[in-house]
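User: Please take a close look at the salt bridges in this model, and at the helices they connect. One connected account will do.

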Amino acid sequence: MDKKTKQIDMLQGSLVDKIILFALPLAATSMLQQLFNSADVAVVGKFAGSEALAAVGANGPVINLLVNLFVGLSMGANVVIATFIGKGDEKSIKKSVHTSIIVALISGFCLALIGLIFAKTILTAISTPDNIIDLAVRYLRIYFSGMPFIMLYNFASSIFRSKGETKKPLIALAISGVINIVLNLFFVVICGMNVEGVAIATVVSNAISSSILIYWLVKEEGAFHLEIKHLKLNLYIVKKVAKIGVPAGIQGMVFSFSNVIIQSALNKLGSTAVAGSAAALNYEYLAYFILSAFSQAAVTFISQNYGAGKIDRCKKVARNCWILAAFCTVAVCTTVIIFAHPLIAVFTSDSAVAHLSVIRIKYILSFYLVNMTIEILSGCMRGLGYSFVPASVCVIGICGIRVLWIFTAFKKIATFEGLMMAYPISWIVTMLAIIVSYLFVKKKAYAEL
């Protein structure tokens, strides 16, 4: 590998400090990415009213449902490139980089068309309240027009992440995140726009962040150097990426589908419940991004070391990622639960909305250590090249139980609290299954080396 290319040496030396150096910028990057939507929620909640807040919040599960398949493919690109790094195969790394960018563009334009054409159909299907559906449709259509930029950012980030470079995606998001907040305030407060203003601001910001990463890939040296003339699909690479990415993407889609079912049930409780849930989600995302960063560290570190045939080091990566993720998850969730009321006040001044937000925070974050274990062990299995197993377990465990809960128990306990119970119950069952699955996959994968 070109010595001038900055990357973390995942194959030798200490692990804990390198995992932290990898994970913390990645967590910060995800937080900034969520800041796009959080800024939307905060600005419309404060300056455009509760209906605008509910309209933006109602789009979250829909956006995730449509985006997750392709984001899963970007995870596949991460694993494939990291494995080639472990093997020292620079020719395959170069092919993978260029193929990933083409896949990103195709994915982005497909999602843009889906969003523009079917926005109202989708939002109507999930029982979006009549008083916010027009606002929600306007937001969703503008948001999805920027999907090519979102996909480019995600795939370019995966390319950098595969070699241990997580700071550049962070810098790109920091620049565009500041621009997003400024544009939100400009369009909504100064220009008097509604949800259209925050959606346009998000599209512009995503265009800036993705352009910065593409520029840096063009400036890279060695196997990671991006050249327009080499942009083409390599079917061998696409198949390897799909083997890891498609199960992960389908898991994300089905997971989001279960959340859409929950959103549909939530919508029936009224716009106050929708707004309360939307505000609380911002702090759930904070906790999730931290544990997800360590899960991504497990994926990348294990991929490289498994490619290099270093079994003992793979085991150490899994153990250290779980311990570090557990410490951070407990610290963050405990802090948010304790200070829930003042934290929610950032997003809404409506006391009824705030009350429901605090209820959601307590129900969800109290069980986040369970969710963390699921994510870390799933990441370990994907790093070993087994993506279908964790995907299947999570689809059946998390998604299946949540959907079953909505159509059975929730009909008898049709309250906000009754709906929130679906989360911890599904996590606990899935965690037990994922532990058994990991022990089986680990034994099989190591025997293959």
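**Salt bridges and the helices they join**

Analyst: R138 is partly exposed, its relative accessible area being 37%. In this predicted model, the side chain of R138 meets that of E196 in a salt bridge, with 2.5 Å from N to O. R138 belongs to helix 5 (residues 133–145) and E196 to helix 8, so the pair ties together parts that are 58 residues apart in sequence. E196, unlike its partner, is buried, at a relative accessible area of 19%, just as the cut-off of under 20% requires.

The search of the whole structure gives 6 salt bridges. Another of them pairs E220 with K168, whose closest N and O atoms are 3.3 Å apart. Here E220 sits in the loop between helix 8 and helix 9 (235–267), while K168 is in helix 7 (residues 167–190), so this pair links parts 52 residues apart in sequence. E220 counts as buried at 8% relative accessibility, whereas K168 counts as partly exposed at 23%.

A further salt bridge joins E284 and R360, with the closest N and O atoms 2.4 Å apart. E284 lies in helix 10 and R360 in helix 13 (residues 351–365), so the pair ties together parts that are 76 residues apart in sequence. E284 is buried, with a relative accessible area of 6%, and R360 is buried as well, at 3%. Elsewhere, K94, E227 and K229 are joined into one network by salt bridges that share partners.

Helix 10 (residues 271–307) also holds N282. N282 is buried, with a relative accessible area of 7%. A polar atom of the N282 side chain lies 3.1 Å from the backbone oxygen of A278.

Helix 8, which carries E196, also packs against another helix. Helix 6 (residues 147–162) and helix 8 (residues 195–219) meet at an angle of about 35 degrees, and their axes are 8 Å apart. The crossing of helix 6 past helix 8 is left-handed. On the helix 6 side, the contact is made by F149, I150, L152, Y153, A156, S157, I159 and F160. Helix 8 contributes V203, N206, A207, S209, S210, L213, I214, W216 and L217. By class, this contact has 13 nonpolar residues, 4 polar residues and no charged residues. E196 of helix 8, the partner of R138, is not among the residues listed for the contact.

Definitions and conventions. Residues numbered from 1 in each chain as written. Predicted model: local features only at pLDDT ≥ 70, side-chain atom pairs only at ≥ 80, totals over all residues. Heavy atoms only, no water. Axes fitted to C-alpha atoms, helices over the stretch in contact; angles between N-to-C directions. Helix = DSSP H or I, 4+ residues; strand = E, 2+ residues; numbered from the N terminus. Left-handed = near helix turned anticlockwise from the far one by under 90°. Contact = heavy atoms within 4.5 Å. Nonpolar A, V, L, I, M, F, W, Y, C, P; charged D, E, K, R; others polar. Buried < 20%, exposed > 50% of the residue type's maximum accessible area, 1.4 Å probe, protein only. Polar contact = N/O pair within 3.5 Å; in protein donor to acceptor, adjacent residues only side chain to side chain. Salt bridge = Lys/Arg side-chain N within 4 Å of Asp/Glu carboxyl O.
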